[in-house]
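Reader: Hi! I'm new to reading protein structures, and I'd like a close look at a single part of this one. Could you take me through it step by step?

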Amino acid sequence: AIAARHTHALVVPFEMAFQTAIKDDRMWGTEIVNTPGLLQIVDCHQHWCGPCKSIQSTFKRIFFDYGDKPMKFFTADVSKVDALKDLVGSSEPAFVFYMDGAKIGNTIKGVNSPALLKVIFDNLGIEEKA
């Protein structure tokens, strides 16, 4: 009798990292404050919950549809970055935007896709697709 031989290969789906995790004040300075010419979109989270998962599909769509635009997505634990200390303790996600080392606009709290898209598109000169 011929024995069947089964080979199982572990297939791990490739997922491109589209967000850079800011780990401390030094990295905040390098990536946000001292990097001109980019719109920086920062998903601010608490240490106990991690980045907002429900907005990731929207951010990925922007990343892939408008990847030629000068923007970069980040995540940051608010307890590890002095510039974000005023967000410590909030139970909802918060999003801040920087350009040329300065905060632009207001902090958006909660998952508000229309408000997030408006800030991103307005600052990059993008007309939203119909």
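To start with, how many bridges join β1 to strand β3, and do the two run parallel or antiparallel?

Author: Happy to help! One thing to keep in mind is that this is a predicted model. Your answer is four: that many bridges join β1 to β3, which covers residues 71-77, and the two strands run parallel. One place to look is Gln19, which stands opposite Phe73 in β3.

Now let's step back to see where this pair sits. The protein chain has three helices and five strands, and along the sequence they follow the pattern β-α-β-α-β-β-β-α. The five strands form an open sheet with mixed pairing, in the order β1-β3-β2-β4-β5. At the edges are β1 (19-22) and β5 (102-109), each of which pairs on one side only. From one strand to the next, the twist averages 25 degrees.

Two helices are worth finding next. Helix α1, residues 25-33, packs on the sheet and touches β1, β2 (39-45), β3 and β4 (94-99). The direction of α1 makes about 140 degrees with that of β1. Helix α3, made of residues 113-124, lies across β2, β3, β4 and β5 and runs at about 5 degrees to β4.

Let's stay with α1 for a moment. At its N-terminal end, Asp24 acts as a cap: a side-chain oxygen of Asp24 lies 3.3 Å from the backbone nitrogen of Arg26. The buried residues of this helix are Trp28, Gly29, Glu31 and Ile32. The cover over them includes β1, β2, β3 and β4.

One of those residues, Glu31, leads us straight back to β3. Glu31 forms a salt bridge with Lys72, with the closest N and O atoms 3.2 Å apart. This pair links distant parts of the chain, since Glu31 is in helix α1 and Lys72 is in strand β3, 41 residues away. The two partners have different burial labels: Glu31 counts as buried because its relative accessibility is 19%, and the cut-off for buried is under 20%. Lys72, at 29% relative accessibility, counts as partly exposed.

A search of the whole structure finds two salt bridges, so let me show you the other one too. In it, the side chains of Lys118 and Asp122 meet at 2.6 Å, N to O. Both residues lie in helix α3, four residues apart, about one turn of the helix. An α-helix has 3.6 residues a turn, so residues three or four places apart point the same way. Lys118 is exposed, with a relative accessible area of 52%, whereas Asp122, at 49%, counts as partly exposed.

Back in strand β3, there is a charged residue to compare with these pairs: Asp77. Asp77 is buried, with a relative accessible area of 7%. Even so, Asp77 has no salt bridge. The nearest side chain of opposite charge belongs to Lys80, 4.3 Å away. A salt bridge needs the nitrogen and the carboxyl oxygen within 4 Å, so a distance of 4.3 Å does not count.

What does Asp77 meet instead? Its side chain makes a polar contact with the side chain of Ser79, at 2.7 Å. Leaving aside neighbours within four places in sequence, Asp77 is in contact with Ile22, His45, Gln46 and His47. You can also check Trp48, which is 29 residues from Asp77 along the chain: the C-alpha atoms of these two are separated by 9.1 Å.

Finally, here is how that fits the chain as a whole. Of its 130 residues, buried ones make up 36%. Among contacts with a separation of 6 or more, 68% are between residues 24 or more positions apart. The salt bridge from Glu31 to Lys72 is a nice one to revisit here, as its partners are 41 residues apart. If you go back to the structure now, try following β3 from Lys72, which pairs with Glu31 of α1 in a salt bridge, on to Asp77, which is buried and has none.

Notes
Residues numbered from 1 in each chain as written. Predicted model: local features only at pLDDT ≥ 70, side-chain atom pairs only at ≥ 80, totals over all residues. Heavy atoms only, no water. Pairing = 2+ DSSP bridges. Axes fitted to C-alpha atoms, helices over the stretch in contact; angles between N-to-C directions. Contact = heavy atoms within 4.5 Å. Buried < 20%, exposed > 50% of the residue type's maximum accessible area, 1.4 Å probe, protein only. Lys, Arg positive; Asp, Glu negative; His and termini not counted. Polar contact = N/O pair within 3.5 Å; in protein donor to acceptor, adjacent residues only side chain to side chain.
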